[in-house]
Amino acid sequence: MHTYHQPQIETMPPEELRKLQDERLKAQVKHVYESVPHYRQLMDEKGVKPEDIRGVDDLWKLPFTSKADLRECYPDGMLAIPKSECVRIHSTSGTTGKRVIAYYNQHDIDLWEDCCARAIVAAGGSAEDVCQVCYGYGLFTGGFGLHGGSQKVGCLTLPMSSGNTARQIQFMQDLGATILCCTPSYAAYIGETVKEMGIKPEDLKLKAGIFGAEAWSDEMRADIEKSLGLKAYNIYGLTELSGPGVSFECEQQDGMHINEDHFIAEIIDPETGAVLPDGTQGELVFTAITRQAFPVIRYRTRDICVLHRGKCSCGRTFVKMGRPMGRTDDMLIIRGVNVFPSQIEAVLIQQGYSSNYQIVVDRVRNTDTFDVYVEMNPEQFSDAVRKITLHERALVEAMRSMLGISPSVHLVAPKSIARSEGKAVRVVDKRKI
Ligand code: ADP
Ligand code: ZN
């Protein structure tokens, strides 16, 4: 028996879902054209009027929105309703530059919390659960989003926010947390600490983890599942579209269902802007068709991924997106070769290392330097220098065959790379170009 937070919507037949999207898109385009001068101007420049958009098939006619547009309109140029009707703001973590402010009215908060509640139920959550939320609370959307979703499901909600790992573990034990919500890097760190404290996964009551807000790999998933004794589910989202819960994994743990009653997804060629067919890798673009205060149209996420349409054994009809490979602006170009941090992480985990690493890129006499610092396992720490050199060589070789170029690999002492309680900092690019 499958359970859903909103069964009629989550399992809606595709043709019906499409009709719903058509209606909502039409209304949304009219709403932004009438209330946001920036959109009106972009549409006028392209020669598109709201009446030209009769449904999803006409989506391609609309202009894209970029992060630069949102920054240009900082702080409230994109607001589509009177400010007095808004009840909250959030803002991006600013991973890649100046923050963007997103506004919400109560309707927008409700739909966002429903999206997060769907994710929690898909991970097996119910009113019987104790849900520990250790995403940051505050401007960052992670904490409040999962918090609201957890309450909608009826879970006993522990609003821990991030940090103070010893206290996290104590509450986890004393209150019998069954669901853990945080970034995957923080989950890995909690797993590491639990082990150090001599606590076994079976001493904890955790059954599911809802991890997202940053890129992570299947190898890292396996590690966290083992160290905490739970099933780890991926969740994706971004502030511009509410926050976490834009898409979420079901019991299949194989791609994230996009909440298509609220968000229409497209994959485009990042160079030309052309729409690509399902199954092709490209940049993910979203149109928010129900948000009222801050509705983005064809927003370019810069996340690279693939969409898969087809029947899922969980019964949900929403399209699935694969793991984002990284962002177009996450991609490093080192000596002319494209390198994603996720590729390096995959090699490390395949070879039995943790995901604690840092990539440092610099430019010396016009040549890129490429260094990867990796923590040794505690067992390796006592190895002779000669043996450590061999381990380093093996890593260089594996990375060369994955990437096509060789980094310098440095094995460093366990715990010497700073841990993150939110999104991890994996890349330090010192080049001044
Ligand atoms: P910022 O862009 O400042 O980091 P957000 O905090 O809104 O702002 O982060 C949204 C971004 O986080 C997404 O565009 C995506 O790159 C990344 N992200 C969120 N969830 C995931 C996930 N499950 N897997 C990979 N990347 C993710
Ligand atoms: Zn499914």
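Cys-312 and Cys-314 are both buried, where buried means under 20% relative accessible area, exposed over 50% and partly exposed in between, with a 1.4 Å probe and protein chains only. What we have here is a predicted model, in which local features need pLDDT of at least 70, side-chain atom pairs count only at pLDDT 80 or more, and totals for chains, interfaces and linings use all residues. Residues are numbered from 1 along each chain as its sequence is written, chains are lettered from A and ligands numbered from 1 in the order in which they are written, and side-chain values use heavy atoms, with hydrogens and water left out.

Which residues, then, are the protein donors of the zinc ion, ligand 2? They are Cys-250 through SG, His-257 through NE2, and Cys-312 and Cys-314 through SG, at 2.1 to 2.3 Å from the ion, donors being N, O and S atoms within 2.8 Å of the metal, or 3.2 Å for Na, K and Ca, and since water is not among the atoms, sites may look incomplete. Along the chain, these donors follow the spacing C-x6-H-x54-C-x1-C. The angles among the 4 donor atoms run from 102 to 114 degrees, and the site is tetrahedral, a label given to four donors if all angles lie between 85 and 135 degrees. For four tetrahedral donors, the ideal angle at a metal is 109.5 degrees.

Turning to another cysteine, Cys-182 is buried, at 0% relative accessibility. Its sulfur lies 4.6 Å from the closest cysteine sulfur, that of Cys-134, which is too far for a bond. The structure holds 0 disulfides, a disulfide being a pair of cysteine sulfur atoms within 2.5 Å.

Conventions: Tetrahedral: all angles 85-135°; square planar, octahedral: opposite > 155°, others 65-115°.
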